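Biologist: Could you please examine one part of this structure closely, and explain each term as it arises? I would like a connected account that a first-year student can follow.

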Amino acid sequence: MKTNGETVARGKASVNTQQARPTQPLFTPVQAGPFTLAHRVVMAALTRSRSEQPGDIPGDLMLEYCTQRASEGGLIISEATSISIAGRGWFGAPGMYSGEQVAGWKRITSAIHGKGGYIFSPLWHEGRSSHVSMTTAQHPWRHPSIRNTGSIPQPTLRPPMVG
Ligand SMILES: Cc1cc2nc3c(=O)[nH]c(=O)nc-3n(C[C@H](O)[C@H](O)[C@H](O)COP(=O)(O)O)c2cc1C
């Protein structure tokens with residue numbers, strides 16, 4: 001398979017990529033609020049549990065992952081990001097409430113902006129889906145009348161693998 005306007009064979013069909021691209025809505029601009037995206041390939045929020053510990057700090061691994069996926073005029077939705085230790089509910093998810101976390105995010109946003117891309121951050125607080133074992137014993141905020149059921153995944157509660 002060749003790219004850059006050369007003929008691309010896909011199964012029995014073949015298309016010229018330069019001719020085909022302008023007709024594809026996927027590769028046409030779209031307005032997202034004040035941002036003009038060059039194309040519509042938007043990366044969805046994907047928790048990777050790769051923040052540095054302790055501290056839930058966006059580090060080199062997250063920087064590499066996001067930078068690899070940044071593109072000119074493209075949009076990345078970052079993974080869900082905690083707004084406080086009391087809202088921490090997923091081990092390894094990054095936060096954005098400490099100075100170290102903000103500094104880590106600034107490295108990532110700078111790299112993405114450097115490639116001409118955009119990144120939005122969905123902020124989260126896990127509320128009743130969290131647990132005191134994840135929040136350094138701060139009680140997660142939740143409405144008192146709504147209780148949660150089920151379990152929360154975290155390393156300390158996972159049984160060791162056998163075999
Ligand atoms: C591994 C994984 C991690 C995800 N992490 C987040 C997340 O942090 N925040 C969020 O809003 N959605 C998250 N999602 C949901 C994806 O964004 C969602 O699957 C994607 O938008 C596609 O939508 P669909 O699953 O309804 O087809 C995650 C999904 C997967 C598979």
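Modeller: The account below begins with the whole chain and then turns to one loop and the core.

The structure is a predicted model, in which local features need a pLDDT of at least 70 and side-chain atom pairs count only at pLDDT 80 or more, while totals for chains, interfaces and linings use all residues. Residues are numbered from 1 along each chain as its sequence is written. The pLDDT, the predictor's confidence in each residue on a scale from 0 to 100, averages 84 over the chain, and 78% of the residues score at least 70. Residues 1-5 have a pLDDT below 50. Where pLDDT is low, the predicted coordinates should not be read in detail.

The chain holds 3 helices and 8 strands; these are DSSP runs numbered from the N terminus, with at least four residues of H or I for a helix and at least two of E for a strand. The loop chosen here lies between strand S4 (35-37) and H2, and Pro54 is found in it. The peptide bond from Gln53 to Pro54 is cis, with omega near -5°. Ser49 also belongs to this loop, as does Asp56. Phi is positive, near 55°, at Ser49, and near 55° at Asp56 as well. Most residues other than glycine have a negative phi, and most peptide bonds are trans.

The surroundings of these two residues can be described by counting C-beta atoms, placed from the backbone: a residue is buried if 20 or more others lie within 10 Å of its own, exposed if 12 or fewer, and partly exposed in between. Ser49 is partly exposed because it has 14 C-beta neighbours inside 10 Å. Asp56 is buried because 24 other C-beta atoms lie within 10 Å.

Helix H2 (60-69) is one of the elements that give two or more residues to the largest nonpolar core, along with strand S5 (75-77) and helix H3 (99-114). A nonpolar core is a set of buried Ala, Val, Leu, Ile, Met, Phe, Trp, Tyr and Cys residues joined through C-beta atoms within 7 Å. This core has 9 residues, among them Met62, Cys66, Ile76 and Ile112. H3 gives the most, with 3 residues. Not counting residues up to four places away in sequence, Ile112 touches Cys66, Thr67, Ala70, Ile76, Gly117 and Ile119, where contact requires C-beta atoms, placed from the backbone, within 7 Å.

Definitions and conventions:
Two residues are in contact if their C-beta atoms, placed from the backbone, lie within 7 Å.
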